[in-house]
Amino acid sequence: MIIIHARMAVKPEKKEEFLKEIDAVIEGSQAEAGNNSYDLYQDPKDANSLIMIENWKDMDAVQAHNSSSHFQKFSEAAKEMLSAPLDVDVYQGEKIN
């Protein structure tokens, strides 16, 4: 199992556009064969700080996702909407309990 935490700082003036664009990524990603979950959360202390928490079957599923057209399209568009570089942590392992 692969868990990914992708933290995003969105420009306030681009937030509505960002949320519209990311909806397509969420829908497409959740439909991918190797995806267990793909959910976006907002920091309660900072409305422009978001985190995507992803759970994938394996690294092959992650690589397929990263190559998908919906992810590639979003990644390109997001460059204009983020106020800082994407901060990504990747974890590999098994659920303990």
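Reader: Let's start with the largest pocket. Which helices and strands each supply at least two residues of its lining?
Author: Bear in mind that we're looking at a predicted model. The elements that each give at least two residues to the lining of the largest pocket are S1, S3, H2, H3 and strand S4 (87-92).

Reader: How much space lies in that largest pocket, and which residues are closest to its centre?
Author: The space in the largest pocket comes to about 340 Å³. Its lining is made of 20 residues, and the ones closest to the centre are Ala6, Phe71, Ser75, Leu86 and Val88.

Reader: And how many residues of that lining are nonpolar, polar or charged?
Author: Sort the lining of the largest pocket by residue type and you get three groups. Charged residues number 2 and polar ones 3, while the nonpolar count is 15.

Reader: On to H2. Why do its buried residues line one face of the helix?
Author: The buried residues of H2, which runs over residues 59-67, are Ala61, Val62 and His65. In general, an α-helix has 3.6 residues a turn, so residues three or four places apart point the same way. Over on the other side of H2, Asp60 and Ser67 are exposed. Look down the axis of H2 and the buried residues line one face because they fall within an arc of 100°.

Reader: What covers the buried residues of H2?
Author: The cover comes from both strands and helices. Among the strands are S1 (2-9), S2 (35-43) and S3 (46-56). The helices in it include H1 (15-30) and H3 (69-78).

Reader: At the start of H2, which residue has a side-chain oxygen that reaches the backbone nitrogen of Asp60?
Author: The backbone nitrogen of Asp60 has a side-chain oxygen within 3.2 Å. That oxygen, at the start of H2, belongs to Asp58.

Reader: Just past H2 there's Ser68. Is Ser68 buried or exposed, and which side chain does its own side chain join in a polar contact?
Author: Ser68 sits in the loop between H2 and H3. Its relative accessible area is 13%, and buried means under 20%, so Ser68 is buried. At 3.3 Å, the side chain of Ser68 makes a polar contact with that of His70.

Reader: What about H3: which residues are buried there, and what do they pack against?
Author: In H3, the buried residues are Phe71, Phe74 and Ala78. They fall within an arc of 65° when seen down the axis of H3, so they line one face of that helix. Ser69 and Lys73, on the other side of H3, are exposed. The buried residues of H3 pack against H1, S2 and H2.

Reader: Asn36 caught my eye. Is Asn36 buried or exposed, and which side chain makes a polar contact with its side chain?
Author: Asn36 lies in strand S2. Exposed means over 50%, so at a relative accessible area of 53% Asn36 is exposed. Leaving aside neighbours within four places in sequence, Asn36 touches Asn55, Trp56 and Lys57. The polar contact, at 2.6 Å, is with the side chain of Asn55.

Reader: Last one: what distance separates the C-alpha atoms of Gly93 and Met1?
Author: Gly93 is in the segment after S4, and counts as partly exposed at 31% relative accessibility. Along the chain, Gly93 and Met1 are 92 residues apart. In space, their C-alpha atoms are separated by 5.6 Å.

How values were computed. Residues numbered from 1 in each chain as written. Predicted model: local features only at pLDDT ≥ 70, side-chain atom pairs only at ≥ 80, totals over all residues. Heavy atoms only, no water. Buried < 20%, exposed > 50% of the residue type's maximum accessible area, 1.4 Å probe, protein only. Helix = DSSP H or I, 4+ residues; strand = E, 2+ residues; numbered from the N terminus. Arc of directions from axis to C-beta. Contact = heavy atoms within 4.5 Å. Polar contact = N/O pair within 3.5 Å; in protein donor to acceptor, adjacent residues only side chain to side chain. 1 Å grid on protein atoms, 1.4 Å probe; cavity = no way out; pocket = protein on both sides within 12 Å on 5 of 7 lines; lining within 4 Å. Points joined across faces, edges and corners; volume = space filled by probe spheres on them. Nonpolar A, V, L, I, M, F, W, Y, C, P; charged D, E, K, R; others polar.
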